[in-house]
Amino acid sequence: MYADYEYYQTEYGGKMSADEYKRFGRRAERRIDGITGNKLQFAYPTNERDVEAVKDCVCELADFLYQIDSYNNAAMESMGTVAQADGTVKGKVITSISSGSESIGYSAAGSASTATMEAAKDKKVADAMVYGMVKDGLCGIKDSNGVNLLYAGIPYPRRNAPISRPPEDKPVEKPTEPEESEETENEI
């Protein structure tokens, strides 16, 4: 993993358990690899500042993916219907629970919404937010070859392929033309 659980817990200050982080950390890495064209798999940064940026990006994205999953799980648990006094039936969302007189409050209408809740509702919103997080976290960060991790231009060298650097300023030799022989002139 690009960022192990110890880093997530101590340096980043994350709150997930080790098992949860393993699951969502891997998801975060796959999303980052998809956006960066898998550059981290064969050209992981060597600069300490850049390594820390990659780790922080993985941790932040893992937390975000965990929050989306938590919202989706909570929504699944609170699904159902509420019969209104006028006979209509609406979808329910639990807003409060009391223990003393066993009171449960439901909301059949919309409630306050956060960006993470919107991402949990709509995959396009989630994808846009993931891309934004990776873009913000890895902007200007270079891999071990000095190529920006978010660079998506000319195809990057493939894994196990020799990575060549541009030649230093050497004079370019002009190709020599073959000398014409008498035989070729006679054939014309």
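Arg-49 counts as exposed, at 56% relative accessibility; here exposed means over 50% relative accessible area, buried under 20%, and partly exposed in between, with a 1.4 Å probe and protein chains only. Its salt-bridge partner Asp-50 is buried, with a relative accessible area of 6%. The model is a predicted one, in which local features need pLDDT of at least 70 and side-chain atom pairs count only at pLDDT 80 or more, while totals for chains, interfaces and linings use all residues. Residues are numbered from 1 along each chain as its sequence is written, and side-chain values use heavy atoms, with hydrogens and water left out.

**Salt bridges**

A salt bridge is a side-chain nitrogen of Lys or Arg within 4 Å of a carboxyl oxygen of Asp or Glu. The whole structure holds five salt bridges, including those in the table.

| Pair | Closest N to O distance |
|---|---|
| Arg-49 and Asp-50 | 2.9 Å |
| Lys-123 and Asp-127 | 3.3 Å |
| Arg-23 and Asp-69 | 3.9 Å |

The pair of Arg-23 and Asp-69 links distant parts of the chain, since Arg-23 lies in helix α2 and Asp-69 in helix α4, 46 residues apart. Arg-23 is partly exposed at 42% relative accessibility, whereas Asp-69 is buried at 19%.

Asp-127 and Lys-123 are four residues apart in helix α6, and therefore about one helical turn separates them. Lys-123 is exposed, with a relative accessible area of 60%, and Asp-127 is partly exposed at 29% relative accessibility. Salt bridges with shared partners join Arg-31, Lys-123 and Asp-127 into one network.

**Overall architecture**

The protein chain has seven helices and four strands. Helices (H or I, at least four residues) and strands (E, at least two) are DSSP runs, numbered from the N terminus. Along the sequence, these elements follow the pattern α-α-α-α-β-β-β-β-α-α-α. Of the 188 residues of the chain, 26% count as buried.

**The nonpolar core and helix α2**

A nonpolar core is a set of buried Ala, Val, Leu, Ile, Met, Phe, Trp, Tyr and Cys residues joined through side-chain atoms within 4.5 Å. The largest such core has 29 residues, of which Tyr-21, Ile-32, Leu-61 and Phe-64 touch the most other members. Two or more residues each come from α1 (5-12), α2 (18-36), α4 (48-77), α5 (115-121) and α6 (123-138). Helix α4 gives the most to this core, with ten residues.

Ile-32 is in contact (heavy atoms within 4.5 Å) with Leu-40, Cys-57, Val-58, Leu-61, Val-134 and Leu-138, leaving aside neighbours within four places in sequence. In α2, the buried residues include Tyr-21, Phe-24, Ala-28 and Ile-32. An α-helix has 3.6 residues a turn, so residues three or four places apart point the same way.

The expected span of a helix is 1.5 Å times one less than its number of residues. The 19 residues of α2 should therefore span 27 Å, and its end C-alpha atoms are 26 Å apart, which agrees. After α2 comes Gly-37, whose phi is positive, near 70°.

**Two further residues**

Asn-38 is placed in the loop between α2 and α3 (39-42). This residue, Asn-38, is partly exposed, with a relative accessible area of 35%. The C-alpha atoms of Asn-38 and Leu-149 are separated by 9.0 Å, although the two residues are 111 apart along the chain.

Asp-63 belongs to helix α4. Asp-63 is buried yet has no salt bridge, and the nearest side chain of opposite charge, Lys-15, is 8.9 Å away. Not counting residues up to four places away in sequence, Asp-63 touches Tyr-8, Tyr-12 and Met-16.

Terms used
Lys, Arg positive; Asp, Glu negative; His and termini not counted.
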